[in-house]
Structures are given as C-alpha cells and as structure tokens.
Amino acid sequence: GICVKYEGLIAKKDSTSHSIRFHGGGTLDLFSLANEGRKESGRGRKFKRVIIEEAQKIDDEILRYWWNNVARATLMDMQGDAFFIANPNGQGTYLHELARRGADGTQADLPPLAKKFKGWKTFRFATSDNPLIDPEEIADAMDELDPLSFQQEIGGIFVNYAGAIWCYAAKEPEVQARVFKTGLRVNKTLPLVISFDFNKRP
C-alpha cells in the first residue's frame, strides 16, 4: 500500500484516524461516505485537495449534502480543488449534475446547465482510451452486454434509463434505491395485475 511505497516520506501514520503525516508537513486524510452517519466527514478541516474516489457508489443525497455543506467550505482557506472520480451512474443523478457543470456542451449526455460554474471541467475516458486494453476485449464486451450497460460501463456515457422496463433499468443498486420503496403494506383484498410492455427488448 501507500505506507509501504512511501515509507521514507512518512513521519507518522494513525490507523485510528486514518491519517498520514509526511516529513514535509503535508497530511493525507482518508474517510468514507458509505452511510448517513459519515456525511459530516471532514467538517471543520481545511484541505488543498479533495479526491472523491468511486463517487458513483455514494448515495445521491449524502454526496449532495457532503459537497454543499461540508467539503466545499474546506477548500476555501487554501483555494483548493476537488476531483470526483467515478463511473457514470445514469442521468438525473447528482453525479450527473456535477459532470454537467464542467461539460462543454458537445456531448449529448452532458447538456450544459443554465447556471455557469466557473472553474469546473469534466473529463471522459472510455475503456478504448486505455492503450493497454486489447480492442478485441471491447468487441467481445459489446457482443455480451446489453446496449445501455456497454455504453455506461465501457463507453463512460451517462445513459438515460427513463422508460426502460424494470429488469433492464433496475439492475443497479443505485437505481433500485431511487426507484423502489420498501416497507409498504400490501392490501391482499385488491386484485393483482401483472402487465408487460414489450416495446423495449431487455
């Protein structure tokens, strides 16, 4: 890990607070936004740079709250910056909104927002941009995956799941969390209706 590779640069590491202090004075803090209880992570600190890795896995409301109410203010003292590193997770998500802030308006899945956000820039890298990936692997993936999954996971595109049937659109946990409601009581006196719409092939 990082502690082994850069051991000579590390002055102190704290496994309890998940922080690393370097001889030059810099500090690396690591924390999770995995649940509601961690959305205050980093409050009151000041950072030169914040890197959010696997941002697509963070709940929409937690990511929105954390960036607007916690993280953005931590960058002001040192005029810091932030990197949201992620795979696309569908249109209409908060990550999609953030990506649109830095879009140049030339990509169909990232239409520009009405409000301009100075200093934001979005970069997209598809699997095909990686010179170490065999093009045949990408071709095989295209044959194996459904079109939306291929566009999103291989092409790096924010796909639009609107209008897609459930078995097609709700296979991702993030999508399920936005669509399905749990804990509802079932009224067994009402008739059960099953409907199929074959206008789109899963």
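For these notes, two rings of Phe, Tyr or Trp count as a pair if their centres lie within 6.5 Å, with the six-membered ring standing in for Trp. Planes over 60 degrees apart make the pair edge-to-face. I'm working from a predicted model.

**Entry: aromatic pairs**

I ran the search over the whole structure and got five aromatic pairs. I pulled up F31 and W66 to start. Their ring centres sit 6.2 Å apart and the planes make an angle of 65°, so I logged the pair as edge-to-face. Where do F31 and W66 lie? F31 is in the loop between β3 (27–29) and β4 (49–53), while W66 belongs to helix α2 (residues 60–74). The two parts are 35 residues apart in sequence, so this pair ties them together.

I also looked up how covered each partner is. W66 is buried, at 2% relative accessibility. F31 has a relative accessible area of 39%, which I noted as partly exposed.

**Entry: F117, W120 and the cluster**

Then I checked F117 against W120. The centres are 6.4 Å apart and the planes stand at 75°, so this pair is edge-to-face. Are these two buried or partly exposed? F117 comes out partly exposed at 22%, and W120 is partly exposed at 25%. Following the ring pairs, I found F117 and W120 in a cluster with W67 and F84.

**Entry: charges over rings**

W120 turned up again when I looked for charged side chains over rings. R101 lies over its face, 4.9 Å from the ring centre. I noted K39 as well, which lies over the face of Y65 at 4.3 Å from the ring centre.

**Entry: β4, α2 and β5**

How do β4 and β5 run relative to one another, parallel or antiparallel? They are parallel, and five bridges join β4 to β5 (residues 81–85). For one residue of interest, E53, I looked up the bridge partner in β5 and got I85. Between these strands the chain goes through α2, the helix that holds W66. I logged the β-α-β crossover as right-handed.

**Entry: helix α3**

How many of the eight residues of α3 (residues 94–101) are buried? Six are, so I wrote the helix down as mostly covered. The buried ones are Y94, L95, H96, L98, A99 and R101. That puts R101, the residue over the face of W120, on the buried list for α3. What do the buried residues of α3 pack against? I found α2 and β5, two of the elements in the crossover from the entry above.

Technical notes: Residues are numbered from 1 along each chain as its sequence is written. This is a predicted model: local features need pLDDT of at least 70, side-chain atom pairs count only at pLDDT 80 or more; totals for chains, interfaces and linings use all residues. Side-chain values use heavy atoms; hydrogens and water are left out. Rings of Phe, Tyr and Trp (its six-membered ring) pair if their centres lie within 6.5 Å; planes under 30 degrees apart count as stacked, over 60 as edge-to-face and the rest as tilted. Helices (H or I, at least four residues) and strands (E, at least two) are DSSP runs, numbered from the N terminus. Buried means under 20% relative accessible area, exposed over 50%, partly exposed in between (1.4 Å probe, protein chains only). A charge sits over a ring if NZ of Lys or CZ of Arg is within 6 Å of the ring centre and within 35 degrees of the ring normal. Two strands pair if DSSP finds at least two bridges between them. A crossover is right-handed if, with the strands pointing away from the viewer, the path from the first strand over the helix to the second runs clockwise. Contact means heavy atoms within 4.5 Å.
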